[in-house]
Amino acid sequence: MSLWVDQFRPRTLDSLHYHHGLSARLKSLASSGDFPHILFYGPSGAGKKTRITCTLRELFGPGVEKLKIDQRIFLSPSKRKLEINIVQSNFHIEITPSDAGNYDRVVIQELLKEIAQTQQVDLNAKQRFKAVVINEADSLSRDAQAALRRTMEKYMSNMRIILCANSTSKLIAPIKSRCLLMRVAAPNPQEMEEVLNYVAKRAPFTLPPEAAKKIIDDSGGNLRKAILVLEALKMQSPDLSGPLAIAKPDWETYCYKVADLIVSEQSPARVMEVRAKFYELLSHCIPPTVILKTVAERVVEKVDESLKADIMHWAAFYEVRMRLGSKKIYHLEAWVVKVMSLYKHFFYDMDMSSFD
Amino acid sequence: MAPKPSQKKIKPLSSKATVVKLETQPPRPSLNTKKFNPLTAFKVPSSSRKSDTDLPCSSQTSSAGKGKARALPNLRRQDAEDHDDRMWVDVYEPTTEAELAVHKRKVEDVRRWLHEAFEGGPSGTLTKYRRILALTGPAGTAKTTTIRVLAREMGFEIMEWRNAVGENTLSGQFDDPSEFSFGTSDSSSSRTYVPDGEGMFSKFEAFLNRASSCQNLFTTPAPSHVGSFSQSPPTSASTRQRHIILLEDLPNIVHPATQAKFHAALQSLVSSPVSATPVPVVIIVSDTGVRGEAADEQMDSGRGWGKSNDGLVDIRTVLPRDLLGGPYVTQISFNPIAPTLMLKALQAMLNTHFAGSSQAPPSREILDAIVETANGDIRSAIMALQFACVGEMNGKTRKKKGGDKGKSVLLASVTRREQTLMLFHLLGKVLYNKRKGDPPNASASAKDVQKEKMLDAQIKDPPGLPSGLKQHERRASRINVDALYADSPIDSSLFSLYIHQNYVQFCDELDHCDAVADWLSWVDSSGGDTWYQANPHRFHLLTLGTMHSLPSPVARRSQKIVKPVFFECLQKEKDAWGGVRDARGWALGDGTSQTDLRSGWSHAEVAMELGGVLKARDAVMDSALPRPPASHRRFSSLSFALGAPFGHTQTLDETEVNVPLDDSEAEVLVRPTRKATEAEEGGWLDSDDIEEF
């Protein structure tokens, strides 16, 4: 039994629940015979990947759902072996190059070249090209993106590339200009409710509207998260009635507590405590940018109006540094110390003025 | 060491030509009146070169000639008289455990391992797991000598692999020629020169195979066997001769293909069933220091691929990772020789050497200086001592006073092993942020205060800053950043981690913290994506920035310098990613039972969003649902505990020279020193413990 998110995922463009305009456009693109490279982008849990699979099905027919997993081995320049899992059908191939870490360029180059150089041999195939889906395209390194850019031009006749990313800001301009950009926005609450009810109907059970509302409020536009929470709730209290306590993931509550630590005391000793918490979070695979964002949002809720802008400014400032640097903890900590110092000065100054 | 013609006269250190009679030297008319030159004093005169003592590969000296000797006095007076031109490290090689300057516990560890390897320990089953012993440690810490001494005491033979480079060495490859017929003269003509590593390696494999399986054909040493083992008491003829394989001169591991083959050879050796007469393998790897700069930066990305092309041989390149973490390999790491032990050893050696001689042994000050400069390397200490004694003879004809001082200066300049600033002192210098005119330490003696004043007088005050920048004005620092950089044992990246771990306790105010943290952040993010774009001034910037930001003077409140927990976090994160992969596999279906594979679920999504469902599944305990893999708790469960520090912090010790090496590579699963110390503290391991591996 799989998770509901996967089990009830729509399979065709027609069965998608929202963004009907987008679906119609994708459908006409797929039937036009002139399919471009596409870049899907939008917040997580908005349905990018669902739309990609639906589009592929529209392009190639149901054969695209017969997937198999291949393990491929690539040799890095220093002769290290990289094992990459590749999901593929007869018509498309799906890779997550960020699995290869620093060596994503090798994977991109080798794999794309190989695919591009083989023609589609199935005469019954609806399209003459193969599709390559690249997940997490925004985590591709510069080198890999440059390699991709060249390949996209060179092998256009045999291959189409479908990129999937959260944000276009980390993709280089040449790639963006070679793709048709498709923004998949997060669903609004009505659309989410519709989807949740659909899931409940399929499961099947009846979903009380209050529960649905609570889940949607909590999910922040992330439909995957909403469905996962629904499934977890259903497992915990099968009738979904009464007061529901939506269990946040541990790391989120943890982040909130870290924010409380920052606000409640500002001292060098507290810096050390917060650092230990950050280490703990980092060692649980929570991306540092997410940590910074979650903690910052929580801190902002708790401080005086006049400080909010500054705190967010520094959060953005250290987030950039975090991307440039290699040791994330420095930047997280630098932000914390900055916030503490701002906060302390704020009170110190206020005391002085009221004293006068 | 190419023999220098002894007639060649390099200008002696004293302008006056000195006639030296080495009292123990055999009379050699042509040589006994010559100008004595300290630089060539150790060289064997060409006339005596015929003796085989210096041919490093002859089977006679193969046990002693390695020069790894941690010499302790050995009363072989006639030896010393016959060959006084030999190195003391060879002459006074220890022969019993009591003479070793190694810590007793270490020797005991090795002995126990060997014993278990041969006998199987108390339960008799340990032989299976005692296949490879890896001895690591800095150069000159008596790794090889310990093995040799134990060989004598426990009565086993050492078969050692030497990389052959020519005919000479070929016949001496094996300590016991009787066992390896292909090393003898009949075949050596065809094997005189093997140019390619290929052939070399197949020979190595053959050596390994034969040595580990064929030795029991030769139950007694062959009559031709007159080498080093003649001193070891032959075990009673009825018992089997026991052997170990010693690998010190390894094949060219830096070459990836050879390394792979080497690993494969070791693997097959380990996986082969243990024979009735086990032949354990002892691998000796001397740690080499790393002083990388930008190249080390890639390492921080947690993937550690910068290391592999360094050409650095350490235990992790020698042994494949799964072996190193596995049950068949034991690692014992030797520490630098403690100064007290070394002093005792040197003193004892001098006593033997000068017993009955008219010469006066070198003064205590010189001995102290030698011990200090040797940095725990006893071989270099003995070399220095020998040199000092030679110099002593030289100085004899001159006036007694003043010679001592000059000598220690000379000694320091000649023998000083490249000395790195201890990590502890480096951090102390930066973090205590001493500036000109700081009040002297309360406990400082008047002499120290005077010295500080003298030093301060030499430091120039910086020109004042314009009024707009007054808040940046500081007194001149006592720290010379360039010198610090030159002496630093660690690279800037690791240095920054240490600073980061420790700076907070040196700050008085939050503002100080703020400034240091900002410097750390800035230095880390400066430079480009790739290693060659890395900022080359990181060390300077960080040091100057830290010192600028810290209060001056730093308040003393018994701060403890702690090792960074960064690597521990990295390790935990790695484990957690394993859990993420498991959970992702679970969410995606394994592809066998499900007809349709589900795509989607990036790793980050699993880590951040799947936690709730996984916990709910765990709580429900419904056997109908497929259980998620238990490893998911490594990333999904996080409990908030106030005040609990991350992991356990280790205080940095003043005596630890070797810290950076361990930590900078801590992304590797095994952390050697910590393991070793834990084992030491935990007392003996029972055989039961070992079975659980």
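Here are some short exercises, with worked solutions, on the predicted model shown above.

**Exercise 1. Judge the confidence of chain A.**
Find the mean pLDDT of chain A, then say which of its elements has the lowest mean and which the highest.

*Solution.* Start with the whole chain: chain A averages a pLDDT of 85, and 97% of its residues score at least 70. Then go through the elements. Strand 3 (residues 81-88) of chain A has the lowest mean, 80, while strand 1 (residues 38-41) of chain A has the highest, 94.

**Exercise 2. Locate the cis peptide bonds.**
Where do the cis bonds before Pro204(A) and Pro553(B) lie?

*Solution.* Take chain A to begin with. The bond joins Ala203(A) and Pro204(A), with omega about -10 degrees. Pro204(A) sits in the loop between helix 7 (189-202) and helix 8 (209-219) of chain A. Now turn to chain B, where Ser552(B) and Pro553(B) are joined with omega about -5 degrees. Pro553(B) belongs to the loop between helix 20 (538-549) and helix 21 (566-588) of chain B.

**Exercise 3. Follow Cys285(A) from backbone to interface.**
Describe the phi of Cys285(A), decide whether the residue is buried or exposed, and look at its part in the contact with chain B.

*Solution.* Backbone: Cys285(A) is not a glycine, yet its phi is positive, about 65 degrees. Place: the residue lies in the loop between helix 11 (268-282) and helix 12 (288-302) of chain A. Accessibility: the cut-off for buried is under 20% relative accessible area; Cys285(A) has 1%, so it counts as buried. Interface: the area buried between chain A and chain B is about 6,700 Å², with carbon and sulfur atoms giving 60%. On the chain A side, Cys285(A), Tyr279(A) and Tyr330(A) lose the most area to chain B, together 11% of what that side buries.

**Exercise 4. Take stock of the polar links between the chains.**
How many salt bridges are there between chain A and chain B, and how many residue pairs are in polar contact across the interface?

*Solution.* Begin with the residues: 72 of chain A are in contact with 71 of chain B. The count of salt bridges between the two chains is three. You can look up Arg321(A) and Asp518(B), whose side chains meet in a salt bridge at 3.3 Å, N to O. For polar contacts, 17 residue pairs are found across the interface. Finally, sort the chain A residues that touch chain B: 32 are nonpolar, 16 polar and 24 charged.

Conventions. Residues numbered from 1 in each chain as written. Chains lettered and ligands numbered in written order. Heavy atoms only, no water. pLDDT = per-residue confidence, 0-100. Helix = DSSP H or I, 4+ residues; strand = E, 2+ residues; numbered from the N terminus. Buried < 20%, exposed > 50% of the residue type's maximum accessible area, 1.4 Å probe, protein only. Contact = heavy atoms within 4.5 Å. Buried area = accessible area lost by both parts, 1.4 Å probe. Salt bridge = Lys/Arg side-chain N within 4 Å of Asp/Glu carboxyl O. Polar contact = N/O pair within 3.5 Å; in protein donor to acceptor, adjacent residues only side chain to side chain. Nonpolar A, V, L, I, M, F, W, Y, C, P; charged D, E, K, R; others polar.
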